Amino acid sequence: MTSVISATGLWTPEQSISNAELVESFNAYVDKWNNENAAEIEAGDKDALAHSSAEFIEKASGIKSRFVISKDAILDPERMAPHIPARSNDEPSILAEIAVNAAKIALQKAGRKPEDVDAVIVACSNLQRGYPAIAVEVQHLLGTSGFAFDMNVACSSATFGIETARGLIAGGQAKSILVCSPEICTAHLNFKDRDAHFIFGDVATAVLLEHVDIAPAEHWDVIGSKLVTQFSNNIRNNFGFLNSAAPEDDGLYGERGRKGLTDKLFVQNGRSVFKEVVPMVAKMITEQCVANGLDPHELKRMWLHQANLNMNVLIAKKVLGKDVDISKAPVVLDEYANTSSAGSIIAFDKYSDDFKNGETGLICSFGAGYSAGAIFVRRVD
Ligand code: COA
């Protein structure tokens, strides 16, 4: 064991959208669309669109609101997509900017200066460009030394990033690494899709990993870990440089966007994800507890990926028994919605202050790929 978690940072956008606000905008869009297409609907050539409901959203997912970078544009029934103005190459990119916000909080908590850090990994689902790497820009904006690179393992990017950082520290490449997960998930969400329009929010997190020799007295030992992937098309986003140059009227958020181009945004078969990922993750956690000589009941907390409340309750029950105290798997998705790779790190950041020396917990991610990551941590005071 050469590396530990020294601190985490959480940056939250100022604006938030409640389910009621989101549904009002969606239903206004539906009414307008149905009105404009009334003749075809009447003739049976088109299906009328159905209203969304705040009750369904909360019951099916546990989500009550989401933080966003661009509230008004998302809620505008004429647009229903964030408006994030393009920036010149001389300005910091938005993803680097919010990653830096989270990184500064982590550094301040650990009592570190940027020059103390010798690598940056930006690990997230939603990278805004091919190159230069966002991480190299974060390195430049923060003033860290060494090297930096981006990586993407969808919702498991942060846990895979932590493991990558641990490997680099063990291999002697660096002694102090920031793993940043800036997630602007609203930009890959189709807000006109009733099945999914409520799912995502925006956020940025950072995790500072350091060689145990230089770590602060208060830190988290990593006592075991496991990474798993298994191919699935049930969560997919086909956006990329080979297909991003759609003509104006074929644009991602235009009419064709609903019908032809939605797979350039987030698409999922939510039911199948639920059914397939719950057993996969419960098995991984249970097996890894055994592999690390842990009774699962020794886990004071499981900071699980935040996609669906019912999914987390089921995983907690499979691992800890049906009478489990659900506060052992704290929820942040009620306020943040799904923030992809950042979700389990937000939960860890917000619900770990009460840990005492020697107490153990689990950071666990799961999502597209499929991908899953388990990081067992033990508090050292
Ligand atoms: N408002 C009202 N009703 C809605 C609705 C909405 N916004 N969206 C769907 N419905 C309706 C459907 O039409 C369906 O109606 P029917 O039974 O008459 O056909 C019913 O609600 C159930 O829809 P379904 O899609 O089966 O809901 P669900 O219970 O599976 O919940 C998810 C949907 C997405 C919340 C849930 O499947 C989920 O979270 N899965 C896991 C996803 C996940 O982890 N993804 C990882 C992403 S990174």
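This section describes the overall dimensions, the main sheet and selected buried positions of a predicted model.

The secondary structure of the predicted protein comprises twelve helices and 13 strands. For a chain of 381 residues, a compact globule would be expected to show a radius of gyration near 21 Å; the value for the protein is 21 Å, and the two therefore agree. Along the principal axes, the C-alpha atoms occupy a box of roughly 70 × 55 × 35 Å. The accessible surface amounts to about 16600 Å², and carbon and sulfur atoms contribute 50% of it. Of the 381 residues, 54% are classed as buried. Among contacts with a separation of 6 or more, 79% are made by residues 24 or more positions apart.

An open sheet is built from nine strands, arranged in the order β5-β4-β6-β7-β1-β8-β13-β12-β11, and its pairing is mixed. Strands β5 and β11 (299–304) occupy the edges; each has a single partner strand, so one side of each lacks a neighbour in the sheet. On average, neighbouring strands of this sheet are turned by 25 degrees against each other when direction is ignored.

At the β5 edge, β4 and β5 run parallel and are joined by five bridges. Within this pair, Val120 has Ala148 of β5 as its bridge partner. Further along the sheet, the pairing of β1 (residues 3–11) with β8 (residues 219–229) is antiparallel and rests on two bridges, with Ile5 matched to Trp220 of β8. Trp220 also stands opposite Arg379 in β13. The pairing of β8 with β13 (residues 371–380) is antiparallel as well and extends over ten bridges; Val228 and Ala372 of β13 are bridge partners in it. Strand β13 is in turn paired with β12 in the antiparallel sense, over eight bridges. Three residues lie between the strands in the hairpin of β12 and β13, where Gly369 adopts a positive phi near 135 degrees. Nine of the ten residues of β13 are buried, and the strand is therefore largely enclosed by the rest of the structure.

Two helices lie across strands in the part of the sheet that includes β11 and β12. Helix α9 (residues 270–291) lies across β8, β11, β12 (360–367) and β13, and its direction makes an angle of about 40 degrees with β13. Helix α10 (residues 309–320) lies across β11 and β12 and runs at about 145 degrees to β11.

Ser365 provides a detailed view of strand β12, in which it is found. The residue is buried, with a relative accessible area of 1%, and stands opposite Gly373 in β13. Its side chain forms a polar contact of 2.8 Å with the side chain of Ser156. When residues up to four places away in sequence are set aside, Ser365 touches Cys155, Ser156, Thr159, His305, Ser344, Ser371, Ala372 and Gly373. Ala372, one of these contacts, is also the bridge partner of Val228 in the pairing of β8 with β13.

A second buried position, Ile121, belongs to strand β4. Its relative accessible area is 0%, and it is accordingly classed as buried. Beyond its neighbours within four places in sequence, Ile121 is in contact with Ala135, Phe149, Met151, Gly161, Thr164, Ala165, Leu168, Ile177, Leu178, Val179 and Cys180. Of these residues, Gly161 is separated from Ile121 by 40 residues in sequence, while the C-alpha atoms of the two are 6.9 Å apart in space.

Ala135, a contact of Ile121, is among the buried residues of helix α6 (residues 134–142), which are Ile134, Ala135, Glu137, Val138, Gln139 and Leu142. The cover over the buried residues of α6 includes helix α5 (94–110) together with strands β4 (119–123), β5 (147–151) and β6 (176–184). Gly143 follows α6 and has a positive phi, near 90 degrees.

Definitions and conventions
Residues numbered from 1 in each chain as written. Predicted model: local features only at pLDDT ≥ 70, side-chain atom pairs only at ≥ 80, totals over all residues. Heavy atoms only, no water. Buried < 20%, exposed > 50% of the residue type's maximum accessible area, 1.4 Å probe, protein only. Helix = DSSP H or I, 4+ residues; strand = E, 2+ residues; numbered from the N terminus. Contact = heavy atoms within 4.5 Å. Pairing = 2+ DSSP bridges. Axes fitted to C-alpha atoms, helices over the stretch in contact; angles between N-to-C directions. Rg over C-alpha atoms; globule rule 2.2 N^0.38 Å. Areas by Shrake-Rupley, 256 points an atom, 1.4 Å probe, with all protein chains shown as cover. Polar contact = N/O pair within 3.5 Å; in protein donor to acceptor, adjacent residues only side chain to side chain.
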